[in-house]
Structure formats: C-alpha cells, structure tokens
Amino acid sequence: MDEIFKKQVYELTRLIPKGRVSTYGAIAKALGYPNHARHVGKAMSGCPGDVPAHRVISSGGVLSVPEFQTKLEGEGIVINNLRVRDFKKLFWNPINEL
C-alpha cells in the first residue's frame, strides 16, 4: 500500500472530532478513492498511536474492532451490540465537514 495514501488516511482521521465517528468508505471517498474502503481499513490496522482509529467504523454503524467500544464510550458515544446508537446523528462526513 502506498505510504502517501496511508499518511492521507491518518491525517484525515485525526480531524474526526471527539464524540463523532466516520466510516472507512467516507474517508476513502474524501481522499478521491470511493471504492477503496478496505484499503482505508488496512491502513488503519497499522496506524500510529496518535490516530483515533476507534472513530472509524463500518458504513452500517457497527464497530469493526470490538476493543474500540470502551474508547468510544469514553467520548460519550453509546454502543449497543457493537452498533453506534444515533449513528446518523454522530456521523462525521469529511466531504461535508471540511
């Protein structure tokens, strides 16, 4: 995977505010690669510690990494059965927000 792409993913992910979530697909689309959600997921699997990977979830509002539940709950996000409650309300779309 291209290192420039990874850096772009990390930079964009760092912009997601606390208490909000985005998706792999939204990040891919914002970077100009609308069909590369899986590449975003792969990049996130090895991201630096300062990247809030826990704020990036699946397009259905489900946590891809169950261990991230505690971090999200610590930011005030309610999780039920690995699903973000009020996902649409909490969704941060980089195309609209930036």
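Accessible areas here come from the Shrake-Rupley method with a 1.4 Å probe. Keep in mind that the model you're looking at is predicted.

**Exercise 1. Work out how much accessible surface the chain has, and what share of it belongs to carbon and sulfur atoms.**

Solution. Start with the total: the accessible surface of the chain is about 5,800 Å². Then take the share: carbon and sulfur atoms hold 50% of that surface. For the other side of the coin, look at burial: 35% of the 98 residues count as buried.

**Exercise 2. Decide whether the radius of gyration of the chain agrees with that of a compact globule.**

Solution. First get the expected value: for 98 residues, a compact globule would come out near 13 Å. Next, take the chain's own value, which is 12 Å. The two agree. If you'd rather think in boxes, the C-alpha atoms fill one of roughly 35 × 25 × 20 Å along the principal axes.

**Exercise 3. Trace the order of helices and strands along the sequence, then find what share of the contacts joins residues at least 24 apart.**

Solution. Count the elements: there are 6 helices and 4 strands. Now walk along the sequence, and the pattern reads α-β-α-α-β-α-β-β-α-α. Finally, turn to contacts between residues at least 6 apart in sequence: 60% of these join residues at least 24 apart.

**Exercise 4. Classify the ring pair of Phe5 and Tyr33, and say which parts of the chain the pair ties together.**

Solution. The chain has 2 aromatic pairs. In this one, the ring centres of Phe5 and Tyr33 sit 5.4 Å apart and the planes meet at 90°. Planes over 60 degrees apart count as edge-to-face, so that's the label for Phe5 and Tyr33. Now place the partners: Phe5 belongs to helix α1 (residues 3–13), while Tyr33 is in the loop between α2 (24–30) and α3 (37–44). The pair therefore ties together parts 28 residues apart in sequence. As for cover, Phe5 is buried at 9% relative accessible area, whereas Tyr33 is partly exposed at 36%.

**Exercise 5. Do the same job for the rings of Phe87 and Phe91: which kind of pair do they make?**

Solution. Take the distance and angle: the centres of the Phe87 and Phe91 rings are 5.7 Å apart, with planes at 50°. That makes the pair tilted. Then check burial, where the cut-off for buried is under 20% relative accessible area. Phe87, at 16%, counts as buried, but Phe91, at 23%, is partly exposed.

**Exercise 6. Tally the charged side chains and find how far apart the centres of the two sets lie.**

Solution. The tally gives 14 positive and 9 negative side chains. The centres of these two sets lie 4 Å apart.

Notes:
Residues are numbered from 1 along each chain as its sequence is written. This is a predicted model: local features need pLDDT of at least 70, side-chain atom pairs count only at pLDDT 80 or more; totals for chains, interfaces and linings use all residues. Side-chain values use heavy atoms; hydrogens and water are left out. Helices (H or I, at least four residues) and strands (E, at least two) are DSSP runs, numbered from the N terminus. The radius of gyration is taken over C-alpha atoms; the globule rule is 2.2 Å times the number of residues to the power 0.38. Buried means under 20% relative accessible area, exposed over 50%, partly exposed in between (1.4 Å probe, protein chains only). Contact means heavy atoms within 4.5 Å. Lys and Arg count as positive and Asp and Glu as negative; His and the chain ends are not counted. The place of a charge is taken as NZ of Lys, CZ of Arg, CG of Asp or CD of Glu. Rings of Phe, Tyr and Trp (its six-membered ring) pair if their centres lie within 6.5 Å; planes under 30 degrees apart count as stacked, over 60 as edge-to-face and the rest as tilted.
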